[in-house]
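Me: I'm new to this one and I'd like to know where the labels come from. Can you walk me through it?

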Amino acid sequence: MSANIALVQENKSAVQTEQCPECHSHVAAHPNFMSWCECGWNLKPHRQEHAPSMFASFYERLGQRVGKQLLSDMEVLEHLMPKPSKTKLFTIVMATVVHAISLAMVLLCLFALSIYREYPVLAILAVPMLILLWTQRPRIPKLSKDEKRDIVPREQFPSLYAFSDQIADYLHMPHFEGILIDEEFNASYRQVGLKQKRYLTLGLPLFSILSPAEKAALIGHEAGHGINGDSTRNLYTFTAIITLENWFRLLASRGEDEVLVEGNLFGLVSNVVGMLMRMVSFIPQLLIKLFIHSIYYESQKAEYMADYLGAKVGGTEGAIGLSRKMFCETTFVLSGQRFVLRGAKGNYFDELKAAVGSIPPREIERIRRVEMMEGSTLDRTHPPTAYRIQTLQHHAQLAPGAIQLTGEQLKQLERELSAVEAKLQERLVNLLKEKLYKKPIHQG
Ligand SMILES: [Zn+2]
Ligand SMILES: [Zn+2]
């Protein structure tokens, strides 16, 4: 408690003003938050910083073109419901084509091997090709060793599992096989292995700052992905996309990072092969584009549907509050840096909660403005946040959430979560130290 008060006081004394470099008016500046001006200075749409995969960047461009049209469609509740559609059928056909090509290549190589007596050259070429096909095969998604370590046991987290089971029951879906708690400011849902077991991942920094209704909305949203028939998450389609991405990466990267060997026959052959491969890479690229067009509508619809289900579980206010809290990532990063710079003493999660609780109204106004800007998306495959909020408000008749935690349940849940705080705090501090104290690499 004393830590919270100290932080609030520190924030209060630090308020200053700053001159806007664009319109020269004076704006309130806060060392813990980004400065901005009503004229638009420093108000940028929120985007993820790391470089997108080719798949994600196609996806984003498509979203900029057709996102708005999709939005008006989503205001009709009936359109949100999963049902068989032409686009779904096209996706299955596309995935089948990709898998059939892979299979045909394997069969062709085996055939070439079987006629090695008549055509030894073909057989010799088939061997490296088979090895390549094997190394580029799509893997069935699994949990890594590190991820398995993050699964919290049912016996030690009875309230968390009971809460999630209650939400799953309400949505008529099977219970989660396991819940992972990690140090990220995020949450996700996935199905792994051949049996497609369901796992929920909750980032403790995000989950710990959510109100009970927002917590319910978050789990409801993630669980919603398990029942809304999102075709990108289905194993058959998913492995087809991974296959295409693998082939594209392999073909397009050939020759790029190699020094061209000149002056001998080997160099010449190598250069010609590299050029040919880059030319052929347009085939998987074209197929990826077609694929994205076919799954775009379904997967965007799945996001709106997940939001809708999240709102049913946690109430419209919970769902809207959740999307606002998702924008507190900057607060998360800055408070983490301050915590590390001050020697990482005490409980970071208490500090984070206090920092989020003491966000000044001006920062909340900035978040509101940013999220209403076009192109503001939390991750590239999700629709723009403004559209999601608009749709949630449109279906606002849902008002109170179906699943509510009692005071006693909430206390118990918080006790359970506090058991992993120390471990995750250590991990976060190490990550931040690495970033803060990383020496710049000098290039000659
Ligand atoms: Zn200005
Ligand atoms: Zn989602």
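What follows is a short back-and-forth about the labels used for this predicted model.

Me: Before the details, how many helices and strands are there?
Reply: The protein has 17 helices and six strands. Of its 444 residues, 30% count as buried. As for contacts between residues at least 6 apart in sequence, 71% of them join residues at least 24 apart.

Me: Why is F185 called buried or exposed?
Reply: Buried, because F185 has 20 C-beta neighbours inside 10 Å, and the cut-off for buried is 20 or more. F185 is found in the loop between β4 (178-182) and β5 (187-192).

Me: Which residues does F185 touch, leaving out those up to four places away in sequence?
Reply: F185 touches G203, P205, L206, E329 and F332. Take F332: it sits 147 residues from F185 along the chain, yet their C-alpha atoms are separated by 7.7 Å.

Me: Why are α4 and α12 called parallel, antiparallel or something else?
Reply: Helix α4 (residues 86-114) packs against α12 at an angle of about 150 degrees, with the axes 9 Å apart. Angles over 145 count as roughly antiparallel, so α4 and α12 get that label, roughly antiparallel. The crossing of α4 past α12 is left-handed. On the α4 side the contact is made by T87, K88, F90, T91, M94 and V98, and on the α12 side by L287, L290, F291, S294, I295, Y297 and E298.

Me: And what makes the pair α4 and α10 oblique?
Reply: The axes of α4 and helix α10 (residues 235-253) cross at roughly 55 degrees and come within 9 Å. Roughly parallel needs an angle under 35 and roughly perpendicular runs from 65 to 115, therefore α4 and α10 are oblique to each other. Here too, α4 passes α10 in a left-handed crossing. The residues that meet are T91, M94, A95, V98, H99 and S102 in α4 and Y236, T237, A240, T243 and L244 in α10.

Me: Which residues touch the most other members of the largest nonpolar core?
Reply: Those are I167, I179, L202, A216 and A217, in a core of 53 residues. Helix α12 (residues 282-326) gives the largest share of this core, 12 residues. There's also a second, separate core of 15 residues, including V98, I241, F248 and I295.

Me: What does A217 touch, not counting residues up to four places away in sequence?
Reply: A217 touches G310, A311, V313, G314, G318, A319 and L322.

Me: Where does UniProt put the "transmembrane region", and what does the model have there?
Reply: The unreviewed UniProt entry gives that annotation to residues 89-113 and 119-135. In the model, residues 89-113 are 100% helix and 0% strand, with end C-alpha atoms 36 Å apart. Residues 119-135 are 94% helix and 0% strand, and their end C-alpha atoms are 25 Å apart.

Me: Where is the "coiled-coil region", and what is its helix content?
Reply: UniProt's unreviewed entry places that feature at residues 403-430. Over residues 403-430 the model is 86% helix and 0% strand, and the end C-alpha atoms are 36 Å apart. The name comes from the record, while the helix content is computed from the model.

Conventions
Residues numbered from 1 in each chain as written. Chains lettered and ligands numbered in written order. Predicted model: local features only at pLDDT ≥ 70, side-chain atom pairs only at ≥ 80, totals over all residues. UniProt positions renumbered as here; feature names shortened; annotations may be inferred. Helix = DSSP H or I, 4+ residues; strand = E, 2+ residues; numbered from the N terminus. Core = buried A, V, L, I, M, F, W, Y, C linked by C-beta atoms within 7 Å. Buried ≥ 20, exposed ≤ 12 C-beta atoms within 10 Å, placed from the backbone. Contact = placed C-beta atoms within 7 Å. Axes fitted to C-alpha atoms, helices over the stretch in contact; angles between N-to-C directions. Left-handed = near helix turned anticlockwise from the far one by under 90°.
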